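The exercises below ask you to work from the coordinates toward a description of the fold and of some unusual backbone positions. Try each task on the model before reading its solution.

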Amino acid sequence: MRRIDVTGAGGVCLAAWEFGDPLKTDPPVDLAGHGVRENGEAAGRRIGHRTVQGALDRSPGVLLLHGLMGRASHWASTARWLSERHRAVALDQRGHGRSDKPPQASFTREAYVEDAEAALEQLGLGPAVLVGHAMGALTAWQLAAKRPDLVSGVIICDMRASALGAASQREWADWFKSWPLPFATLADVRKWFGEDDPWVERPNPARGEFYAEVMSESPDGWRPVFEPEQMLKSRETWVYDAHWEELAQVQCPALVVRGLDGELGRAEAQEMVRVLPRGEYAEVADAGHLVHYDQPEAWRAAIEPFIDALTG
């Protein structure tokens, strides 16, 4: 994968990652026209629009949006098989991954939606299929309601449309405080989030791997690449409100996917499908909230026919 810089709402620099074969250019460039090092990082200045225009014309596009605390690399396995037939781009959303984390940046719903909108426009992806997990799914359906011209379909993975309330936000604040930071090793990260975390009902190695992916090494040990306070700010902009009205405004085909043991219950998921004008439903057995991590093959089986039907 290679990095492409996107300018989001308020000028925040966002890191988008395109999966697939490198562009046939000399020297290699990313889609913003910057030189690309072998590790995929940008190196150098814009070298001209003509060099990358062919890449901009590739289709169909798929934009992958991670959930709260996630990062683009969480989509790696999904993006790799998607890239065989589609232009697959995963976005590090503001405050996450390698995107900017300005202390005074806006973490409103509007900012997240505008960031995804900017990615589709600046990368020439639209109209694209949006694949969103949790918070990323909410961003996806809000953008589909706002800009139907940019979105050909939406996959909503384990995100509730109902309000979660103040108690939920307090629980999350307390949970962040319970993290035994810093972790001495990545093995400690995997063990705590996969086994020792009070929120874990039974050992879940996939969950441990998920959180290991969002840790970076610092002088005193391993810490998250995000600021917990920014995550809480992001979360508080949706937990107090229901989002059924925006769901009803999504005119494109939409697939609601839930893990059998996830946070989205079956009754609510089926009501979401009913409210969506063109809703469909799928569930993945033996999966929790992190459906695409828990059961990657079953996840693929659930969403691939939907994407193929949209993109031909």
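**Exercise 1: backbone outliers in loops**

M69 lies in the loop between β3 (61-65) and α2 (76-82), where helices (H or I, at least four residues) and strands (E, at least two) are DSSP runs numbered from the N terminus. This is a predicted model, in which local features need pLDDT of at least 70 and side-chain atom pairs count only at pLDDT 80 or more, while totals for chains, interfaces and linings use all residues. Residues are numbered from 1 along each chain as its sequence is written, and side-chain values use heavy atoms, with hydrogens and water left out.

*Task.* Determine the sign of phi at M69 and at A134, and decide whether M69 is buried or exposed.

*Solution.* Step 1: start from the expectation that most residues other than glycine have a negative phi, and that most peptide bonds are trans. Step 2: M69, although not a glycine, has a positive phi of about 75°, and A134, also not a glycine, has a positive phi of about 55°. Step 3: A134 is placed in the loop between β5 and α4 (135-146). Step 4: with buried meaning under 20% relative accessible area, exposed over 50% and partly exposed in between (1.4 Å probe, protein chains only), M69 is buried at a relative accessible area of 2%, and A134 counts as buried at 8%.

*Task.* Which residues are joined to P127 and to P182 by a cis peptide bond, and where do these prolines lie?

*Solution.* Step 1: G126 and P127 are joined by a cis peptide bond with omega of about -5°, and P127 belongs to the loop between α3 (109-122) and β5 (128-133). Step 2: a cis peptide bond also joins L181 to P182, with omega of about -10°; here P182 sits in the loop between α5 (166-178) and α6 (186-196).

**Exercise 2: tracing the sheet**

*Task.* Establish the strand order of the open sheet, and explain why one side of β1 and of β10 is left without a neighbour.

*Solution.* Step 1: counting two strands as paired if DSSP finds at least two bridges between them, one obtains an open sheet of eight strands in the order β1-β2-β4-β3-β5-β6-β9-β10, with mixed pairing. Step 2: β1 (2-7) and β10 (279-284) are at the edges and have a single partner strand each, so one side of each has no neighbour in the sheet. Step 3: neighbouring strands are turned against each other by 25° on average, direction ignored, where axes are lines fitted to C-alpha atoms (for helices over the stretch in contact) and angles between N-to-C directions run from 0 to 180 degrees.

*Task.* Follow the bridge partners from β1 into β4, and state how β4 is covered.

*Solution.* Step 1: β1 pairs with β2 (residues 13-19) in the antiparallel sense over six bridges, and I4 has A16 in β2 as its bridge partner. Step 2: β2 and β4 also run antiparallel, joined by five bridges, and the partner of A16 in β4 is L91. Step 3: the pairing of β3 with β4 is parallel, again over five bridges, and L64 stands opposite A90 in β4. Step 4: in a regular strand the side chains alternate between the two faces of the sheet. Step 5: in β4 both faces are covered, since R87, V89 and L91 on one side and A88, A90 and D92 on the other are all buried.

**Exercise 3: helix packing and a buried arginine**

*Task.* At what angle do α3 and α4 pack, and which residues meet?

*Solution.* Step 1: the axes of α3 and α4 are 9 Å apart, at an angle of about 70°. Step 2: this makes α3 roughly perpendicular to α4 (65 to 115 degrees; under 35 counts as roughly parallel, over 145 as roughly antiparallel and the rest as oblique). Step 3: with contact meaning heavy atoms within 4.5 Å, the residues that meet include Y112 and L120 in α3 and L138 and L143 in α4.

*Task.* Describe the surroundings of R207 in helix α7 (residues 205-212).

*Solution.* Step 1: R207 is buried, with a relative accessible area of 13%. Step 2: the R207 side chain reaches the backbone oxygen of F193 at 2.6 Å. Step 3: leaving out residues up to four places away in sequence, R207 touches W175, F193, D197, W199, V200 and L290.

Definitions and conventions: Polar contact = N/O pair within 3.5 Å; in protein donor to acceptor, adjacent residues only side chain to side chain.
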